[in-house]
Amino acid sequence: MFFTTPQNRKLAYRKSGGTNDKLGLVWLSGFKSDMQGSKVLALEAWARVQNHSFLAFDYSGHGLSSGAFEDGTIGRWREDTLGAIDALTDGPQILVGSSMGGWQALLAARARPARIAGLVLIAPAPDFTQKLMWPDLSPEAKKEINETGLHLQP
């Protein structure tokens, strides 16, 4: 299934309802990950058994969603996250974020405190672009980023 964000990005999502809707679960994937990974599938199965509503989606440029990965930014993926929560969930939610998804969960909790009942963060990586990636880039790669805004590596 797909929905369109307020920024006009078409995002793929998977949603299931539950009768125990005191708390819903929202999965937030990591960098270059999608909603087909083993962790998200395990969480979705658990949510079904527990009768909780569940939502997983692919950020723009990821998985089945529209857009080029290279056009993505933490801010755009934050917009995707907030758009999905606003459009596709009701009531309080527990955000479950893995790696970059943990960063997205923290950003969403700050933006929607009344909607977020809790966070489960799996190896969260807030500021990973600055703390984990930048120090390991070559001087040439840093120069390329500063001049063009982009550096691609395998």
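## Packing exercises around five helices

Leaving out residues up to four places away in sequence, alanine 105 touches Leu28, Leu95, Leu119 and Leu121, where contact means heavy atoms within 4.5 Å. This is a predicted model, in which local features need pLDDT of at least 70, side-chain atom pairs count only at pLDDT 80 or more, and totals for chains, interfaces and linings use all residues. Residues are numbered from 1 along each chain as its sequence is written, and side-chain values use heavy atoms, with hydrogens and water left out.

**Exercise 1.** Work out where alanine 105 sits, and whether it is buried or exposed.

*Solution.* Start with the element: alanine 105 belongs to helix α3. Helices here are DSSP runs of H or I with at least four residues, strands are runs of E with at least two, and both are numbered from the N terminus. Next, accessibility: alanine 105 counts as buried because its relative accessibility is 0%. The scale calls a residue buried under 20% relative accessible area, exposed over 50% and partly exposed in between (1.4 Å probe, protein chains only). Last, look along the chain: threonine 81 is 24 residues away in sequence, yet the two C-alpha atoms are separated by 8.3 Å.

**Exercise 2.** Describe how α2 and α3 cross, and what kinds of residue meet there.

*Solution.* First the geometry: the axes of α2 (residues 74-88) and α3 (residues 100-111) come within 10 Å and cross at roughly 60 degrees. Axes are lines fitted to C-alpha atoms, for helices over the stretch in contact, with angles running from 0 to 180 degrees between N-to-C directions. Then the hand: α2 goes past α3 in a right-handed crossing, meaning that the near helix is turned clockwise from the far one by less than a right angle, whereas anticlockwise would be left-handed.

Now the residues. From α2 come Ile74, Trp77, Arg78, Thr81, Leu82 and Ile85, and they meet Met100, Trp103, Gln104, Leu107, Ala108 and Ala111 of α3. Sort them and you get 9 nonpolar, 2 polar and 1 charged. In that sorting, Ala, Val, Leu, Ile, Met, Phe, Trp, Tyr, Cys and Pro are nonpolar, Asp, Glu, Lys and Arg are charged, and the others, Gly among them, are polar.

**Exercise 3.** Check the span of α2, then see how aspartate 86 fits into that helix.

*Solution.* Take the span: α2 has 15 residues and reaches 21 Å from first C-alpha to last, close to the 21 Å expected at 1.5 Å a residue; the expected value is 1.5 Å times one less than the number of residues. Its buried residues include Trp77, Asp80, Gly83 and Leu88. Aspartate 86 is also in α2, but at 39% relative accessibility it counts as partly exposed. Beyond four places in sequence, aspartate 86 touches Arg112 and Arg115. Arginine 112 is 26 residues from aspartate 86 along the chain, with 9.2 Å between their C-alpha atoms.

**Exercise 4.** Find which residues of α1 are buried, and explain why they lie on the same side.

*Solution.* Helix α1 (residues 38-50) has 13 residues and a reach of 18 Å, close to the 18 Å expected. Val40, Leu43, Glu44 and Ala47 are its buried residues. They share a side because they cover an arc of only 100 degrees around the axis, taken from the directions from the helix axis to the C-beta atoms. The background is simple: an α-helix has 3.6 residues a turn, so residues three or four places apart point the same way.

What do the buried residues of α1 pack against? They meet β2 (10-16), β3 (24-28), β4 (54-57) and β5 (93-98). On the other side of α1, Ser38 and Val49 are exposed.

**Exercise 5.** Locate the positive phi values of asparagine 51, alanine 123 and glycine 149.

*Solution.* Asparagine 51 comes just after α1, in the loop between α1 and β4. Its phi is near 60 degrees, a positive value in a residue other than glycine, and at 37% relative accessibility asparagine 51 is partly exposed. Alanine 123, not a glycine either, has a phi of about 45 degrees. Alanine 123 lies in the loop between β6 and α4 (128-133) and is exposed at 59%. Glycine 149 follows α5, with a positive phi near 85 degrees. Helix α5 (residues 139-148) is itself hardly covered, with 1 buried residue among its 10.
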